[in-house]
Amino acid sequence: IYQRKGIWWCDYSVDGVRRRESCETKIREEALAYLHRKQGRLASGELLTPDRVSVRDLLKLLLEDYERRHVAQQYIANLKIKSILIPKLGDVKATKLSSARVKEYIEARLKAVQPGTINRELGLLRRAFQLGYDHDPPLVARVPHFPKLTENEPRKGFLKPEVYQKLLFELPEELRLLFVVAYHVGLRKGALLRIKWTQVDVSAKTIWMDGKRSNRKPEPVAVPIYGDMEKFIAMQPQTSEYLFARGSKPIRDFRESWDLACHRAGVPDLLFHDLQIGRAHV
């Protein structure tokens, strides 16, 4: 052990790799005890990871992973991490993020947001710790347990008309018809994205489905065109053979645009899948 600016540090090796880290004390006896605990863990075969790694370090590792893989939710994850997770937990040492500390975080957040929002935040923490655990050499010795909270509405109900209108115009133009149709008929996303213009019969006020089946039940043979659907279908540019497209290419993924619009509309926990569930309750 040795001192640096009044703080005791320890110097030791793991498998021939030299490590130096702070004992976080100004008392020599406490520093020796810290080093002895390290030696005992090493002798027992326990995985030793750097105690200096913080939750902030792991979250930055997660953002780097998302950027490298071009993950669709990268923008939302970046917002949550930089505005919420790092300010509240960033300075906590990864080894000291206990169940009690996670519980404190959850209780504090429940005063401000819904359980679904907290579940997304805990999911980011869980992924960050998993990346740290899989790192070579490992940055953490374990992935803490992050509970999954029971989520509230809207998963048991449906959007109120005023919220529907607000969210509709927060979405980019190329997604508005998709949202209108999903809101009115509650089809699965995969079934919606397969619809072609040849299946749309405006005169009969019907969209004829292709008859493909999901794992659970068959899709309806036809779905009615009603409410806002007809108006938005008439406004939709026919730049692709598919009804829902960006230019000439069919829409395949829109999670980032959806999440941003939901945040602006005040329903940050709403999933596109909720439109299908909600329609079943109307």
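In this predicted model, the largest pocket is lined by 27 residues. Those that lie nearest its centre are Gln73, Arg120, Arg255, Asp259 and Leu271. The space in this pocket comes to about 550 Å³. By residue class, the lining divides into 14 nonpolar, 6 polar and 7 charged residues. Four helices each supply at least two residues of that lining: H3 (74-89), H5 (115-134), H10 (255-265) and H11 (273-280).

**The chain as a whole**

The secondary structure comprises 11 helices and 8 strands. Of the 282 residues of the chain, 43% count as buried. The exposed surface amounts to about 15,900 Å², and carbon and sulfur atoms supply 52% of that area. Among contacts with a separation of 6 or more, 59% are between residues 24 or more positions apart.

**Helix H7 and its surroundings**

Helix H7 spans residues 173-185 and is mostly covered, with 11 of its 13 residues buried. The buried set consists of Leu175, Arg176, Leu177, Leu178, Phe179, Val180, Val181, Ala182, Tyr183, His184 and Val185. Just after H7, Gly186 takes a positive phi of about 65°.

Two loop residues from later in the sequence can be placed relative to this part of the chain. Asp228 is found in the loop between strand E6 (222-224) and helix H9 (229-235). Its C-alpha is 8.9 Å from that of Leu177, although Asp228 and Leu177 are 51 residues apart in sequence. Leaving aside neighbours within four places in sequence, Asp228 is in contact with Val180 and His184, as well as with Tyr164 and Gln165. Val180 and His184 are both among the buried residues of H7.

The second loop residue is Gly247, which lies between strand E7 (245-246) and strand E8 (249-250). Gly247 is 73 residues from Glu174 in sequence, and the C-alpha atoms of Gly247 and Glu174 are 8.8 Å apart in space. The residues that Gly247 touches, not counting those up to four places away in sequence, are Thr239 and Ser240. Gly247 counts as partly exposed because its relative accessibility is 39%.

**A buried arginine in helix H4**

Arg109 has its place in helix H4 (residues 99-110). With a relative accessibility of 9%, Arg109 counts as buried. Apart from neighbours within four places in sequence, the contacts of Arg109 are Ile84, Lys88, Thr117, Ile118 and Glu121. Of these contacts, Ile84 and Lys88 fall within the span of helix H3 (74-89). Thr117, Ile118 and Glu121 fall within the span of helix H5 (115-134). H3 and H5 are also among the helices that supply at least two residues each to the lining of the largest pocket.

**Cysteines and disulfides**

Why do Cys10 and Cys23 not form a disulfide? The sulfur of Cys10 is 4.0 Å from that of Cys23, its closest cysteine sulfur, and is therefore too far for a bond. The cut-off for a disulfide is a pair of cysteine sulfur atoms within 2.5 Å. The closest cysteine sulfur to that of Cys23 is likewise in Cys10, at 4.0 Å. The count for the model comes to 0 disulfides. Both cysteines are buried: Cys10 has a relative accessibility of 0%, and Cys23 has one of 7%.

**Positive phi outside glycine**

Most residues other than glycine have a negative phi. Lys5 has a positive phi although it is not a glycine, and Glu24 likewise has a positive phi without being a glycine. The table sets out their values and places.

| Residue | Phi | Loop | Relative accessible area |
|---|---|---|---|
| Lys5 | about 55° | between strand E1 (2-4) and strand E2 (7-14) | 84%, exposed |
| Glu24 | about 55° | between strand E3 (17-22) and helix H1 (28-43) | 45%, partly exposed |

Lys5 is classed as exposed because its relative accessible area of 84% is over 50%. Glu24, with a relative accessible area of 45%, is classed as partly exposed.

Methods
Residues are numbered from 1 along each chain as its sequence is written. This is a predicted model: local features need pLDDT of at least 70, side-chain atom pairs count only at pLDDT 80 or more; totals for chains, interfaces and linings use all residues. Side-chain values use heavy atoms; hydrogens and water are left out. Buried means under 20% relative accessible area, exposed over 50%, partly exposed in between (1.4 Å probe, protein chains only). Contact means heavy atoms within 4.5 Å. On a 1 Å grid over the protein atoms alone, a cavity is a set of points where a 1.4 Å probe fits but cannot get out, and a pocket is an open set with protein on both sides within 12 Å along at least five of seven lines; lining residues have an atom within 4 Å of a point. Grid points are joined across faces, edges and corners, and a volume is the space filled by probe spheres set on the points. Ala, Val, Leu, Ile, Met, Phe, Trp, Tyr, Cys and Pro count as nonpolar, Asp, Glu, Lys and Arg as charged, and the others, Gly among them, as polar. Accessible areas come from the Shrake-Rupley method with a 1.4 Å probe; for residues, only the protein chains shown count as cover.
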